[in-house]
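User: I am new to this structure and would like a close look at a single part of it. Please take me through that part slowly, in connected prose.

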Amino acid sequence: MKCAEKANKEYRLMQSDLYNLYPAIGAVNATRQNYNYVMLPKTASKNYRSFGSCDMIIDKKDRDAQPPKRARGEIARTYMYFESVYPKYKMSRQQRQLMKAWDKKYPVTKWECERSEKIEKVQGNKNPILTNRCS
């Protein structure tokens, strides 16, 4: 029982961590579930689902998702934050490589740094990934 309580408490902390919360279109979020982020081949597969003007592609058969370019850097730094702050959260080697590549290719924005400062004031902790990128 104690183990389950501990796991649930940490899960609840992760779920409510403001560095993890971003506005999202409900249908996209529900369809993506917990699929891995990937770079999908340019050739459209019949298994791909797109969302009109939202540049998100989800491959339900392989359980993969490719986010829009504008979100890739933020996603990468969010995943990297989780791995640095929550000891039980570990990315696969392949997922970590992709997140590092996206972090480099899609640099931090002024808005992302301002958002991080506001979250720090409310939540009380720094995002070590963004602290390094924003200074």
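User: Is the crossing in which α3 passes α4 left-handed or right-handed? Please start there, and then follow α3 through the rest of its surroundings.

Analyst: The model is a predicted one, and what follows is a reading of that prediction with α3 at its centre. Helix α3, which covers residues 69–85, passes α4 in a left-handed crossing, and its partner α4 covers residues 93–105. Two packed helices are described by the angle between their axes and the distance between the axes. For α3 and α4 the angle is about 130°, and the axes lie 8 Å apart; the two helices are therefore oblique to each other. On the α3 side this contact is made by R72, G73, I75, A76, R77, Y79, M80 and E83, while α4 contributes Q95, R96, M99, W102 and D103. Sorted by class, the residues in this contact are six nonpolar, two polar and five charged.

A second helix, α5, which spans residues 110–123, also packs against α3. Here the axes come within 12 Å of each other and cross at roughly 35°, and the crossing of α3 and α5 is right-handed. The residues that meet are G73, E74, R77 and Y81 from α3 and W111, E112 and Q123 from α5, a group that comprises two nonpolar, two polar and three charged residues. G73 and R77 take part in this contact with α5, and G73 and R77 also belong to the contact with α4.

α3 also borders the largest cavity, which has a volume of about 30 Å³. Its lining consists of Y19, Y22, E74, R77, T78, E112, R115, N127 and L130, and α3 provides the largest share of that lining, with three residues. Both α3 and α5 supply at least two residues of this lining, and E74, R77 and E112, which line the cavity, are also among the residues where α3 and α5 meet. By class, the cavity lining has three nonpolar, two polar and four charged residues.

Finally, α3 takes part in the largest pocket, whose volume is about 1200 Å³. This pocket is lined by 32 residues, of which N20, N29, R32, Y37 and Y79 lie nearest its centre; Y79 is also one of the α3 residues in the contact with α4. The elements that each supply at least two residues of the pocket lining are α1 (2–16), α2 (26–32), β1 (36–37), β3 (54–59) and α3, and α3 gives the most, with seven residues. The lining of the largest pocket divides into 20 nonpolar, eight polar and four charged residues. Taken together, α3 has contacts with α4 and with α5, and α3 also contributes to the linings of the largest cavity and the largest pocket.

Technical notes:
Residues numbered from 1 in each chain as written. Predicted model: local features only at pLDDT ≥ 70, side-chain atom pairs only at ≥ 80, totals over all residues. Heavy atoms only, no water. Axes fitted to C-alpha atoms, helices over the stretch in contact; angles between N-to-C directions. Helix = DSSP H or I, 4+ residues; strand = E, 2+ residues; numbered from the N terminus. Parallel < 35°, antiparallel > 145°, perpendicular 65-115°, else oblique. Left-handed = near helix turned anticlockwise from the far one by under 90°. Contact = heavy atoms within 4.5 Å. Nonpolar A, V, L, I, M, F, W, Y, C, P; charged D, E, K, R; others polar. 1 Å grid on protein atoms, 1.4 Å probe; cavity = no way out; pocket = protein on both sides within 12 Å on 5 of 7 lines; lining within 4 Å. Points joined across faces, edges and corners; volume = space filled by probe spheres on them.
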